[in-house]
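I opened my notebook and went through this chain piece by piece. These are my entries, in the order I looked things up.

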Amino acid sequence: VDPPSGFPTKGWHVGLVKTLSDKTNMPPLGVDEPNGEPLKVFEWSEIKKHDKENDAWVVKDGEVFDVSKFLKEHPGGSTIVLPHLGTDITEVFSNDDVHVHSKAAHSMMQRYRIGILSGAKRKAAPQHQGMKALDFSKPIIMQIGHLGNNYNDFIHRPQVLDEPARFFESDFLEIFSRTPWYVVPLVWLPVITGMVLLSLKMGLTPLGAGLIFLGGLFTWTLIEYVLHRFLFHLDEWVQFNYWAITLHFLIHGVHHLLPMDPMRLVFPPILTFILLLGFYNLFRVFLDTPEAVSFTAGGLLGYVGYDLTHYYLHHSGTPFLSHFSSMKSYHLAHHYKNPLLGYGITSKLWDYVFDTMLPVEDKPKEKSS
């Protein structure tokens, strides 16, 4: 894939793009890490002490991992991991009867490796020769387009970072790339209230405005599905062009690459506003202005519920309602198992209708004693 027009073809991105094989090659037992520091060797007596939620170590394939920071981000919830802290999880990790792990899970574990188990033999890490990756120590937005035909495969190998990834060199631009979850209700709930009051001022009765509002709210559930399936998942269709890849990454690709990044999970208000204008003008084709305003307000409330639910599914430990618990398992399976199925976020309704249901266990199986 050629670099963007107007940018130098050499120099500016040197060192930003590395091969994934550089990151996944595991040094042989007893050999120094790539950064030149020797691997630490741990005895079981030390490992077993780290069996608490805020001090969590595990052993897998002869390697020792400190997963304390990852527990709350674990796709299956932290409760499934807690009983195995301070133990060897090699068998559990590969046992689908206990909990199904994706291929991405194996590579994600390497971030938390702190050493090796004394006397243990390790398995070789999987190799992904020729795959390009990003240097997360540098702004990533100008790197992503260079993945070319590797883009779709790359973004569906989820990664977890300790801090939100930096997009831009400019601090000013970086501010607009990060959106805390609470911005969504703070910005849009007053707008929804104003739109409802405006529709009443334009002549709608409270009953009429309410019914139309509910119609917009329900219509959002279909819009949510259509956007997710047919716009957000154009992954394979954008790989022909640097800028198409970059735009897709900004809209949705980043969320699949970094699904637990809290600052890139809800939509920035400016993007929501652009979509809002588009849908309002579409509704105006079929509805008079007062009805279109109320209908759009209902749809906007649906969007707010969607974005807050989406954030909650990723960052809640164990959801307090069975519906959210089911949707959490369902949505995380979309991320970690099959991104071409399971497009529903707030419900599975339209996945049922359009036959895109993703089979998944609502609750991980516990290991039998």
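In which segment is Asp-355 found? I looked it up in the model, which is a predicted one. Asp-355 is found in the segment after helix 13, and that helix covers 349-353.

**Entry: two aspartates**

I stayed with Asp-355 for a moment. Its phi is positive, about 60°, although the residue is not a glycine. I noted that because most residues other than glycine have a negative phi. Asp-355 has a relative accessible area of 68%, so I put it down as exposed, the cut-off being over 50%.

Then I turned to Asp-61. This residue also isn't a glycine, and its phi is positive at about 50°. I found Asp-61 in the loop between strand 4 (55-60) and strand 5 (63-66). Buried or exposed, I wondered about Asp-61? Its relative accessible area is 15%, so it is buried, as the cut-off is under 20%.

**Entry: the whole chain**

Next I zoomed out. I wrote down 13 helices and seven strands for the secondary structure of the chain. The chain has 369 residues, and buried ones make up 46% of them. I also looked at contacts between residues at least 6 apart in sequence: 71% of these join residues at least 24 apart.

**Entry: Glu-174 and Arg-264**

I picked Glu-174, which lies in helix 6 (residues 171-176). Why does Glu-174 count as buried? Its relative accessibility is 4%, so it falls under the 20% cut-off.

I checked what the side chain of Glu-174 does, and it makes a polar contact with the side chain of Arg-264 at 3.0 Å. Leaving out residues up to four places away in sequence, Glu-174 touches Ala-165, Arg-166, Phe-167, Phe-168 and Arg-264.

I followed Arg-264 a step further. Which ring does the charged end of Arg-264 sit over? The answer is the ring of Phe-167, with the charged end 3.9 Å from the ring's centre. I jotted down another case, Lys-348: its charged end sits over the ring of Tyr-330, 4.9 Å from the centre.

**Entry: Ile-141 and Thr-246**

Phe-167 and Phe-168 turned up again when I listed what Ile-141 touches. Setting aside residues up to four places away in sequence, the rest of that list is Tyr-242, Thr-246, Phe-249 and Leu-250. Ile-141 lies in the loop between strand 7 (132-134) and helix 5 (151-155). With a relative accessible area of 3%, Ile-141 is buried.

How far apart are the C-alpha atoms of Ile-141 and Phe-249? I got 8.3 Å, for two residues 108 places apart along the chain.

From Ile-141 I moved over to Thr-246, in helix 9 (residues 242-257). Thr-246 counts as buried because its relative accessibility is 5%. I saw its side chain reach the backbone oxygen of Tyr-242 at 2.9 Å. Beyond residues up to four places away in sequence, Thr-246 touches Ile-141, Ile-144 and Gly-145.

**Entry: a helix pair**

I wanted a look at two helices meeting. Two packed helices are described by the angle between their axes and the distance between the axes. For helix 7 (residues 183-201) and helix 10 (residues 269-286), the axes come within 11 Å and cross at roughly 35°. The crossing of helix 7 past helix 10 is right-handed.

Which residues meet there? On the helix 7 side I listed Val-183, Val-187 and Trp-188, and on the helix 10 side Pro-269, Thr-272, Phe-273 and Leu-276.

**Entry: Pro-290**

Pro-290 has its place in helix 11 (residues 289-315). At 17% relative accessibility, Pro-290 is buried, since the cut-off is under 20%. I paired Pro-290 with Leu-204: they are 86 residues apart in sequence, yet 6.8 Å apart in space, C-alpha to C-alpha. Leu-204 is also one of the residues Pro-290 touches, along with Ser-199 and Met-202, not counting residues up to four places away in sequence.

**Entry: aromatic rings**

Last, I looked for aromatic pairs. How many are there in the whole structure? The search finds 18. I also wrote down one aromatic cluster, formed by Phe-218, Tyr-225, Tyr-343, Trp-350 and Phe-354.

How values were computed: Residues are numbered from 1 along each chain as its sequence is written. This is a predicted model: local features need pLDDT of at least 70, side-chain atom pairs count only at pLDDT 80 or more; totals for chains, interfaces and linings use all residues. Side-chain values use heavy atoms; hydrogens and water are left out. Helices (H or I, at least four residues) and strands (E, at least two) are DSSP runs, numbered from the N terminus. Buried means under 20% relative accessible area, exposed over 50%, partly exposed in between (1.4 Å probe, protein chains only). A polar contact is a pair of N or O atoms within 3.5 Å; within protein, one must be able to donate a hydrogen and the other to accept it, and residues adjacent in sequence count only if both atoms are side-chain atoms. Contact means heavy atoms within 4.5 Å. Rings of Phe, Tyr and Trp (its six-membered ring) pair if their centres lie within 6.5 Å; planes under 30 degrees apart count as stacked, over 60 as edge-to-face and the rest as tilted. A charge sits over a ring if NZ of Lys or CZ of Arg is within 6 Å of the ring centre and within 35 degrees of the ring normal. Axes are lines fitted to C-alpha atoms, for helices over the stretch in contact, and angles run from 0 to 180 degrees between N-to-C directions. A crossing is left-handed if the near helix is turned anticlockwise from the far one by less than a right angle, and right-handed if clockwise.
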